[in-house]
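Got your viewer open? Load the model, switch to a cartoon view, and keep the selection box handy.

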Amino acid sequence: ELRDIAADVPLDRLLMETDSPYLAPEPYRGRVNEPAYVSRVCEVLAELHGLSVEEMAKITSDNFFRLFHKAQRHE
């Protein structure tokens, strides 16, 4: 169900986070989550959207900088 939702999110709205130290992604479930596992999230999102990992990383990085650049201008 969560993957179906992630597949429906428009690419210009996607961001990634680790949610550390909780909710480690598969196959790390049951371990303490850590930032290094965000690469697994990127792999899954890329697969769901039919993109390469590199494309997904660029898209989500661009989204991050676009979002926080706008947020800084409104402070």
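What follows is a walk from the whole chain to a few spots worth selecting.

**Stop 1: the whole chain**

First, a reminder that you are looking at a predicted model. Select everything and colour by secondary structure: the chain has three helices and zero strands, so to speak an α-α-α pattern when you read along the sequence. Turn on a bounding box if your viewer has one. Along the principal axes, the C-alpha atoms take up roughly 40 × 30 × 25 Å.

Now switch to a surface. About 5,800 Å² of the protein chain is exposed, and 55% of that comes from carbon and sulfur atoms. As for what is hidden, 19% of the 75 residues count as buried. If you like contact maps, take the contacts with a separation of 6 or more: 45% of them link residues 24 or more positions apart.

**Stop 2: the largest pocket**

Stay with the surface and look for the largest pocket, which holds about 660 Å³ of space. To centre the view there, select Leu2, Glu17, Pro25, Arg29 and Val41, the closest to the pocket centre among the 22 residues that line it.

Which elements give two or more residues to this lining? They are helix H1 (2-8) and helix H2 (38-49). Select H2 and show its side chains, since the largest share of the lining, six residues, comes from this helix. Then colour the lining by residue class: you should get 14 nonpolar, two polar and six charged residues.

**Stop 3: the loop between H1 and H2**

Next, hide the surface and go to the loop between H1 and H2, starting with leucine 23, which lies there. Check the backbone: phi of leucine 23 is near 55 degrees, a positive value in a residue other than glycine. Most residues other than glycine have a negative phi, and most peptide bonds are trans. Is the residue buried or exposed? Leucine 23 counts as exposed, because its relative accessibility is 63% and the cut-off is over 50%.

Keep going along the same loop, where proline 27 also has its place. Select glutamate 26 together with proline 27 and look at the bond joining them: the peptide bond is cis, with omega near 5 degrees.

**Stop 4: the phenylalanines**

Last, show the aromatic side chains. How many aromatic pairs does a search of the whole structure find? There are three. A pair of aromatic rings is described by the distance of the centres and the angle of the planes, so have your distance and angle tools ready.

Begin with phenylalanine 64 and phenylalanine 65. Their rings sit 5.0 Å apart, centre to centre, with 80 degrees between the planes, and the pair is edge-to-face. Then pick phenylalanine 64 and phenylalanine 68: here the centres are 4.8 Å apart and the planes meet at 45 degrees. Why is this pair called tilted? Because 45 degrees is neither under 30 degrees, which would be stacked, nor over 60, which would be edge-to-face.

Both phenylalanine 64 and phenylalanine 68 belong to helix H3 (residues 53-73), and they are four residues apart, about one turn of the helix. Select Phe64, Phe65 and Phe68 together and you have one aromatic cluster.

Finish by colouring these three by accessibility. Phenylalanine 65 counts as exposed at 57% relative accessibility. Phenylalanine 64 is partly exposed, with a relative accessible area of 37%, and phenylalanine 68 is partly exposed too, at 40%.

Definitions and conventions: Residues are numbered from 1 along each chain as its sequence is written. This is a predicted model: local features need pLDDT of at least 70, side-chain atom pairs count only at pLDDT 80 or more; totals for chains, interfaces and linings use all residues. Side-chain values use heavy atoms; hydrogens and water are left out. On a 1 Å grid over the protein atoms alone, a cavity is a set of points where a 1.4 Å probe fits but cannot get out, and a pocket is an open set with protein on both sides within 12 Å along at least five of seven lines; lining residues have an atom within 4 Å of a point. Grid points are joined across faces, edges and corners, and a volume is the space filled by probe spheres set on the points. Ala, Val, Leu, Ile, Met, Phe, Trp, Tyr, Cys and Pro count as nonpolar, Asp, Glu, Lys and Arg as charged, and the others, Gly among them, as polar. Rings of Phe, Tyr and Trp (its six-membered ring) pair if their centres lie within 6.5 Å; planes under 30 degrees apart count as stacked, over 60 as edge-to-face and the rest as tilted. Buried means under 20% relative accessible area, exposed over 50%, partly exposed in between (1.4 Å probe, protein chains only). Contact means heavy atoms within 4.5 Å. Accessible areas come from the Shrake-Rupley method with a 1.4 Å probe; for residues, only the protein chains shown count as cover.
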